[in-house]
Amino acid sequence: MADPLKGWGCIEPLLLFLLLETLWGARAGQIRYSVLEELDKGSFVGNIAKDLGLEPRELAEHGVRIVSRGRTQLFALNPRSGSLVTADRIDREELCAQSTPCLVSFNILVENNMKMYGVEIEIIDINDNLPRFRDEEVKVKVNENAATGTRLVLPFARDADVNVNSLQSYQLSRNMHFSLEEKSGADGQKYPELVLERPLDREKVAVHDLLLTALDGGDPILSSTTHIRVMVLDANDNAPLFTRSEYRVSVPENIPVGTRLLTLTATDPDEGINGELTYSFRNEEDKISETFKLDSNLGDISTLQPLDYEESRFYLMEVVAQDGGALLASAKVLITVQDVNDNVPEVILTSLASSISEDCPPGTIIALFSVHDGDSGENGEILCSIPRNLPFKLEKSVDNYYHLLTTKALDREEISDYNITVTVIDRGNPPLSTESHISLNVADINDNPPIFPHTSYSTYVLENNPRGLSILSVTAHDPDSGNNAKVTYSLAEDNFQGMPLSSYVSINSNTGILYALDSFDYEQVKDLQLWVMASDSGDPPLSSNMSLSLFVLDQNDNAPEILYPSIPTDGSTGVELAPRSAEPGYLVTKVVAVDRDSGQNAWLSYRLLKASEPGLFAVGLHTGEVRTARALLDRDALKQSLVVAVQDHGQPPLSATVTLTVAVADSIPDVLADLGSIRTPGDPDDSDLTLYLVVAVAAVSCVFLAFVIVLLALRLRRWHASRLLQASGGGLVGVPASHFVGVDGVRAFLQTYSHEVSLTADSRESHVIFPQPNYADTLISQESCGKSEPLLISEKINVNEEVGVVKQAPPNTDWRFSQAQRPGTSGSQNGDETGTWPNNQFDTEMLQAMILASASEAADGSSTLGGGAGTMGLSARYGPQFTLQHVPDYRQNVYIPGSNATLTNAAGKRDGKAPAGGNGNKKKSGKKEKK
């Protein structure tokens with residue numbers, strides 16, 4: 001037997017050369033290595049860092065990683081050494097079976113620049129597999145009359161290794177009748193055959209036991225054996241015969257399971273059992289027996305499971321036909337699987353940037369993916385596309401990898417995210433396609449400031465608003481997102497009327513609601529000009545502003561204020577003069593009023609609310625001028641009281657009133673002269689009003705009840721004292737109040753009373769005479785009235801006194817002052833009627849004020865100003881015989897504030913008469929005395 005290991009030493013240098021060979025492609029960045037199979041995990045394959053032009057430490061920094069599709073990772077990267085190592089033990093036979101060379105391809109991705117490098121590694125076979133027979137014992141039948149040279153087919157062995165490590169030869173154990181020959185098939189497989197060297201004699205040897213050994217060419221040589229049992233049969237001189245030595249059939253991969261593929265036909269001219277044929281697979285692989293079924297009687301081959309072109313493109317098998325006499329024939333069957341477009345293309349996403357900044361430049365790589373179709377030919381040709389209306393494009397990389405890139409600048413405010421549909425379609429018939437969706441979020445940058453809908457706003461707020469009132473809500477929109485769109489509001493710093501604007505209004509930084517910090521007063525603040533700023537929270541922050549005009553609307557919160565006539569502070573009433581000769585429309589005075597409000601709230605109208613003589617005077621609706629409505633008559637009262645109301649047009653309207661006292665006379669002396677003859681009855685309305693006020697005050701002022709009780713006690717005490725005074729000498733108790741005129745704290749008694757009291761001692765009768773009053777233009781001093789003559793009063797007075805009233809004698813007709821006693825100033829009286837008058841301006845003005853006040857008090861029938869009874873306080877300064885008719889008319893020229901009118905003695909000017917107080921008034925005065 002020849003040494004099977006002879007000549008195998010020359011293979012060792014070849015293996016060493018293949019082990020150390022490191023090849024990298026010169027085109028398309030292809031890197032090539034080779035490695036022996038069955039190496040330990042972590043065994044060195046190649047220096048990938050050097051081949052990539054990187055340092056070992058840079059592998060992790062550049063994100064270098066292995067990318068392989070749908071298979072177990074066989075190799076790994078060693079980040080420390082920068083080398084490519086095995087990830088586990090590699091079995092070449094499991095990867096490539098009998099294919100040579102055995103190449104494993106994958107890609108290496110450099111993450112930071114998204115570049116792909118192809119790597120191809122050849123797996124070098126080692127002799128790690130024995131040649132193996134399928135069966136440990138094989139029975140072979142042969143006729144005893146078989147001729148010398150008859151060949152018997154023996155089972156062949158299979159070796160998973162390739163090349164020199166595969167099956168190389170067979171050896172047969174020593175025997176006398178048989179020899180061994182080898183045949184090589186078209187596929188390179190060696191088939192052993194048993195050749196009959198000597199005739200057989202069944203009667204001598206019925207069974208021949210042989211040992212068949214299969215040897216490979218590895219180092220060391222591996223082998224395996226099988227037992228061949230040759231059974232000698234009776235003579236069957238005709239062997240079966242197939243119609244063809246090889247059968248070929250092509251079927252599509254999508255045929256249904258159980259479909260009959262072909263029928264094998266063999267013939268045997270023998271008869272009987274020697275002519276009955278049975279079909280079987282010979283030396284079939286497990287895959288064959290699992291995929292196909294052979295009918296032993298009919299020779300039909302059908303499928304047991306679906307065929308897959310991508311798994312196996314063809315199937316080669318041997319079918320044996322054997323008769324009952326143990327003669328057999330064999331035939332080859334080749335089943336070719338035709339590809340059908342039954343695999344949908346698939347998209348494998350390798351790397352994806354889930355978010356990209358909106359300011360990225362065009363050409364930025366977003367994703368890296370690969371496409372694959374399991375079909376072949378046109379069925380496996382793939383077209384990849386995305387919608388054209390998107391700002392992206394596809395760019396082919398190595399193999400079937402594609403880059404997804406931007407084509408133009410992105411704007412997140414227009415489109416914040418993209419759902420990119422990658423469509424992959426093959427060229428099969430019909431074509432199959434698949435869609436893969438890539439979601440891309442556009443990251444925001446702060447490139448948009450907050451925007452107000454308008455550049456300026458105007459809003460209005462009523463004055464007297466409550467504090468904290470919400471005035472206006474402003475809103476700015478920022479099209480950015482996140483913190484870049486978070487808007488805060490503020491007011492620009494500024495001053496108004498010396499105060500910061502922040503003391504008037506404030507704004508909520510989050511909601512933009514503007515609040516009033518204080519109550520606005522239109523009369524002080526009519527409008528505010530504000531700048532509202534809106535800032536986002538980006539980095540750097542962006543802002544914008546808008547102008548806000550805040551107008552304060554007026555409310556009718558101010559009643560009209562009367563400027564003229566002004567209300568005296570001492571409680572007296574101003575007196576206006578109207579000559580009796582005044583014609584209708586004569587301007588008596590003018591009420592001047594203002595309203596601090598504005599607009600309609602400040603439109604004032606005047607009306608006559610109440611008059612003592614209705615129809616005598618009229619008030620201008622818009623001017624406030626008080627004019628006579630008709631001519632003055634003699635029967636018209638000297639003193640006319642007018643209540644003028646001034647009302648604005650607000651809602652609700654507010655008003656103010658002023659009481660005017662108009663003296664109907666041509667001059668002031670006439671006024672004073674006529675006051676004694678007027679007795680103004682009390683106004684019942686005033687007393688009723690006073691009663692109502694007292695009741696109201698008492699109702700709401702219960703807390704002052706104690707004070708009121710004390711006050712009443714004091715008043716009772718004073719009243720008791722006054723009763724005692726009246727009992728002792730109450731001569732002036734019955735004097736009407738209208739006969740007193742008060743001028744600045746001085747009381748003037750306008751009537752002269754004479755009282756005679758006759759009392760007798762030790763008598764029960766007393767006589768008291770009350771004459772009729774003597775009306776005279778004589779001012780009696782307080783001293784003279786206060787004097788009392790001593791009286792004789794008896795200790796007891798009769799209860800039933802007789803009181804006799806005797807008419808007083810008429811006054812002396814020569815009642816005028818003498819020349820020395822008459823007061824006056826030069827130019828104010830005519831001729832001899834002038835008397836002595838105050839000789840300085842201050843005394844003159846004081847006298848004028850006292851006279852005007854006395855006229856008002858006399859007309860009202862009350863004396864509110866201080867002074868003793870029966871005196872004006874004038875006689876002490878100007879003499880006891882001073883008469884009112886000689887007082888000059890100082891109302892000839894009176895200026896009314898707020899008006900262009902000047903009150904003058906129109907009647908005197910019109911008639912060409914001297915001013916009142918001269919001789920021209922004597923007749924009128926005399927007539928009034930008679931009346």
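Which residues does Val 371 touch, not counting residues up to four places away in sequence? In this predicted model, the contacts of Val 371 are Glu 346, Val 347, Ile 382, Cys 384, Asn 400, Tyr 402 and Val 424. Val 371 is found in strand 27, which covers residues 365–372, and with a relative accessible area of 3% it falls under the 20% limit and therefore counts as buried. One of its contacts, Val 347, is 24 residues away from Val 371 in sequence, while the two C-alpha atoms are 4.6 Å apart in space.

Two further contacts of Val 371, Ile 382 and Cys 384, belong to strand 28 (residues 382–385), where the side chains alternate: Ile 382 and Cys 384 point to one face and are buried, whereas Leu 383 and Ser 385 point to the other face and are not. Strand 28 pairs with strand 31 (residues 417–426) in the antiparallel sense, over 4 bridges, and within strand 31 the bridge partner of Leu 383 is Ile 425.

Further along the chain, 4 strands form an open sheet with mixed pairing, in the order 33-41-40-35. Strand 33 (456–462) and strand 35 (488–491) stand at the edges of this sheet, and because each has a single partner strand, one side of each is left without a neighbour in the sheet. From one strand to the next, the twist averages 30 degrees. The pairing of strand 35 with strand 40 (residues 527–535) is antiparallel and runs over 4 bridges, with Val 532 in strand 40 serving as the bridge partner of Leu 491.

The aromatic side chains give a count of 9 aromatic pairs, including the two set out below.

| Aromatic pair | Centre to centre | Angle between planes | Arrangement |
|---|---|---|---|
| Phe 292 and Tyr 315 | 4.9 Å | 80 degrees | edge-to-face |
| Phe 392 and Tyr 418 | 5.1 Å | 90 degrees | edge-to-face |

The pair of Phe 292 in strand 21 (residues 292–294) and Tyr 315 in strand 23 (residues 314–322) links distant parts of the chain, 23 residues apart; Phe 292 is buried at a relative accessible area of 2%, and Tyr 315 is buried at 6%. Phe 392 lies in strand 29 and Tyr 418 in strand 31, so this pair ties together parts that are 26 residues apart in sequence. Here, too, the relative accessible areas are given for each ring's residue: Phe 392 is buried at 5%, and Tyr 418 is buried at 8%. A charge over a ring is found with Lys 526, which lies over the face of Tyr 522 at 4.9 Å from the ring centre.

Several loops carry backbone features that deserve a separate account. The peptide bond from Asp 219 to Pro 220 is cis, with omega near 5 degrees, and Pro 220 lies in the loop between strand 14 (207–216) and strand 15 (223–233). The bond from Tyr 564 to Pro 565 is likewise cis, with omega near 0 degrees, and Pro 565 is found in the loop between strand 42 (561–564) and strand 43 (575–578).

Asp 399, although not a glycine, has a positive phi of about 50 degrees; this residue lies in the loop between strand 29 (392–396) and strand 30 (401–406), and its relative accessibility of 52% is over the 50% limit, so Asp 399 counts as exposed. Asn 464, also not a glycine, has a positive phi of about 65 degrees and lies in the loop between strand 33 and strand 34 (470–473), where its relative accessible area of 37% makes Asn 464 partly exposed.

Definitions and conventions:
Residues numbered from 1 in each chain as written. Predicted model: local features only at pLDDT ≥ 70, side-chain atom pairs only at ≥ 80, totals over all residues. Heavy atoms only, no water. Pairing = 2+ DSSP bridges. Helix = DSSP H or I, 4+ residues; strand = E, 2+ residues; numbered from the N terminus. Axes fitted to C-alpha atoms, helices over the stretch in contact; angles between N-to-C directions. Buried < 20%, exposed > 50% of the residue type's maximum accessible area, 1.4 Å probe, protein only. Contact = heavy atoms within 4.5 Å. Phe/Tyr/Trp six-rings, centres within 6.5 Å; stacked < 30°, edge-to-face > 60°. Lys NZ or Arg CZ within 6 Å of the ring centre and 35° of its normal.
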